[in-house]
Structure formats: structure tokens, C-alpha cells
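Visitor: I am new to protein structures and would like to look at one slowly. Could you walk me through it?

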Amino acid sequence: MQRLKGIIFIVSGAMLWGATGPLMEWLLNHTSLTVSFMLTIRLSVAGMILITYLLLTGKKIFGIWQHKLWGRQLIVFGIVGMLGVQFAFVAAIHESNAVLATLLQFLAPIFVVAYVSLSLKNWPPKYQVIGIIGTLMGLFLLLTNASFESLLISPKALLWGVAVGLTFAFYTLYPARLMREWNVLLVVGWGMLIGGLTLGIVSRVWLSNQWVVFTDFKTLLLMVALIFFGTVAFILFLSSMKYITAVETSILSSIEPLTAMIISVIVFGTSLGFWQLVGVFVMLVCVTWLSIAGEKA
């Protein structure tokens, strides 16, 4: 029963997170919202929701700031990790589409393997090399539809896609000790709030003329849905890890790009060529292979 609960949590969370990509794509394409403004609102509000939830459940939300070491790490995580991965992801959506941006985040395991190998000054084991080569082959098919003469996305979109993988790897590796020492939701909540406030200050969000878009009920409703889906998805993802293994989490989270693809096809008429679909399949299989082989190792 507990395992079934974990499966339901991860599947629901992956579907909700997959839905946020097309939602952001629609808002960026059909309103005057910019990447910076939308992300400032999303991160700040989601962070405040999580912090308030923890406060109402009796958690000590300011204890982490009483330790300079953890406080500094939290600030780095909020700006480089949380804001970095979110900004790169939304920018990749803006330059391409939700499907490609969601799939490009699966480059993260390659950067994780590269970092660990450099740290240990050893070549990665064979199973990781096989997984990396397969993932890159799948990526090639996704971006070119097996044509050596064409790239189906702009260089800027590809650059942001690589940035998604890099920042997601940092987001995964850097806060490990921080999250072991403190409540995971506390770290994520503060990280979102720090990232959102930092971006808001840099972009001087209070001077923006984009606030007027929220007078449109449809735009306001979609923004609320975006914040709600993203926040609930993350809570479900974290909760699932109490009941199922990391391998099962990795495999079942593959539903995320599939959800984004289905919604994008229905809403935007997005279509992928035959070899692009083959590339998607190869990427998902190889990322799953990296997880399974890594768990066995």
C-alpha cells in the first residue's frame, strides 16, 4: 500500500510538472509577460507559500539563518541553483518550446557524471559511458530529425537547453548536505524566495508595466494554476521518495516530458518528426539506464 502511494505521488507530480511547461509557453506567447517578470512572481509566491505552510505546521523557519555556513549555502543555492535552473528552463521554452526544454533537462546526468569523474580523477565506468553516448545520440535525433544538414532549433535555444542541464546538475549536487541537515521543504521554500526576490530586484519588478496583465482574468487564472501546479508537483515528488526507490522515481518521472508533449500537441499543434520521436525514446531509455545501472553499482 505504501509503495502504491509512492507511485501515485510521483506519477501525479510528474504530470503536474510536465503541465507547467506548456502553461509557461502559452503565457509567454500570448501575453506581454517576460521571462524575468513571470519567474519573479512564480518563485516569490511559491516560496512564500512553502514557508508559510511550514510555519503553520510548527516548523522553525528561521533557525537555518542562525548558522553562517548554512545561510551562505542557502543563498548560493537560491541564486545559482533554484533561480539558475528555473530561468534557464523558462528561457529555453521561450526560445523553442516546452517539449524541447523539458527534454533538454535530461542532459543533467551527463554533467553530474562529468563532475564526479573530474572530482575523483577517474574515467566514468562503462555503464555511464554507454548511457551518455546513448543520451547524446537521442539528443542529436531530437534536434536534427536525423538530418546532418539542419538544426531544428536556434543556437540560442540550444545554448539555454545546455544551461538547463548544467544548472539542474548543480541544483541536484550542491544542496545535498544542506538538505540532509535541514528540512527539504524549508531549503526549497527559502531557495525559491531568495531566487524570486533576487530576480525581482535585478529586473526592478516594481517598475514593470506588466502588472496590468493580471487584470485579465484568464491570464491571472493561468498564473495561479502555474504556481499551484509547480508547488504541488514538487511536494509530491519529494513525498514519493519516502515510499519508492530512486530508480523507480527516475523511471516514473519520464511521464513529465510525455505529459508536456501531449499537452503541446493538443494546445499548440506541436509535432515531432519520426526520428525526433525515436530520439525522445532513446534519451528516456538511456537516462533510465544510467539510474538503474548506477543503483546496482
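The questions and answers below go from the whole chain to helix pairs and then to single residues.

Visitor: Before we start, what kind of model is this?

Guide: Residues are numbered from 1 along each chain as its sequence is written, and side-chain values use heavy atoms, with hydrogens and water left out. Local features need pLDDT of at least 70, side-chain atom pairs count only at pLDDT 80 or more, totals for chains, interfaces and linings use all residues, and the model itself is predicted.

Visitor: How many helices and how many strands does the protein have?

Guide: Helices (H or I, at least four residues) and strands (E, at least two) are DSSP runs, numbered from the N terminus. Reading from the N terminus, every element in the order α-α-α-α-α-α-α-α-α-α-α-α-α is a helix. The count comes to 13 helices and 0 strands.

Visitor: What share of the residues is buried?

Guide: A residue is buried under 20% relative accessible area, exposed over 50% and partly exposed in between, using a 1.4 Å probe and protein chains only. The protein has 297 residues, and the buried share of them is 51%.

Visitor: And what part of the exposed area comes from carbon and sulfur atoms?

Guide: Accessible areas come from the Shrake-Rupley method with a 1.4 Å probe, and for residues only the protein chains shown count as cover. The protein exposes about 15000 Å², and the carbon and sulfur share is 71%.

Visitor: Let's turn to helix pairs. How are α1 and α2 oriented to each other?

Guide: Two packed helices are described by the angle between their axes and the distance between the axes. Here axes are lines fitted to C-alpha atoms, for helices over the stretch in contact, and angles run from 0 to 180 degrees between N-to-C directions. Helix α1 (residues 2-30) and helix α2 (residues 35-56) have axes 11 Å apart at an angle of about 135°. Angles under 35 degrees count as roughly parallel, over 145 as roughly antiparallel, 65 to 115 as roughly perpendicular and the rest as oblique, so α1 and α2 are oblique.

Visitor: Which residues of α2 meet α1?

Guide: Contact means heavy atoms within 4.5 Å. Ala, Val, Leu, Ile, Met, Phe, Trp, Tyr, Cys and Pro count as nonpolar, Asp, Glu, Lys and Arg as charged, and the others, Gly among them, as polar. On the α1 side are W17, T20, M24, L27 and L28, and on the α2 side V35, M38 and R42. By class, the residues of this contact are 6 nonpolar, 1 polar and 1 charged, and those from α2 are V35, M38 and R42.

Visitor: What is the handedness of the crossing of α5 and α7?

Guide: The axes of helix α5 (residues 108-120) and helix α7 (residues 155-173) come within 8 Å and cross at roughly 60°, so the pair is oblique. A crossing is left-handed if the near helix is turned anticlockwise from the far one by less than a right angle, and right-handed if clockwise. The way α5 passes α7 is right-handed.

Visitor: How are α3 and α9 oriented to each other?

Guide: The axes of α3 and helix α9 (residues 184-202) come within 8 Å, with a crossing of roughly 70°. That angle makes the pair roughly perpendicular.

Visitor: How far apart are the C-alpha atoms of I79 and I194?

Guide: I79 is in helix α3 and is partly exposed, at 34% relative accessible area. Its contacts, leaving aside neighbours within four places in sequence, are G84, I194 and T198. Although I79 and I194 are 115 residues apart along the chain, their C-alpha atoms are separated by 6.7 Å.

Visitor: Is I64 buried or exposed?

Guide: I64 sits in the loop between α2 and α3. Beyond four places in sequence, its contacts include W70, L178 and W190. Its relative accessible area is 0%, so I64 is buried.

Visitor: Which residues does Q86 touch?

Guide: Q86 belongs to helix α3 (residues 68-95). Its relative accessibility is 7%, so Q86 counts as buried. Not counting residues up to four places away in sequence, Q86 touches W17, L39, R42 and L43.

Visitor: One last thing: what is the phi of R204?

Guide: R204 lies in the loop between α9 and α10 (217-240) and is partly exposed, at 48%. Most residues other than glycine have a negative phi. R204 is not a glycine, yet its phi is positive, at about 50°.
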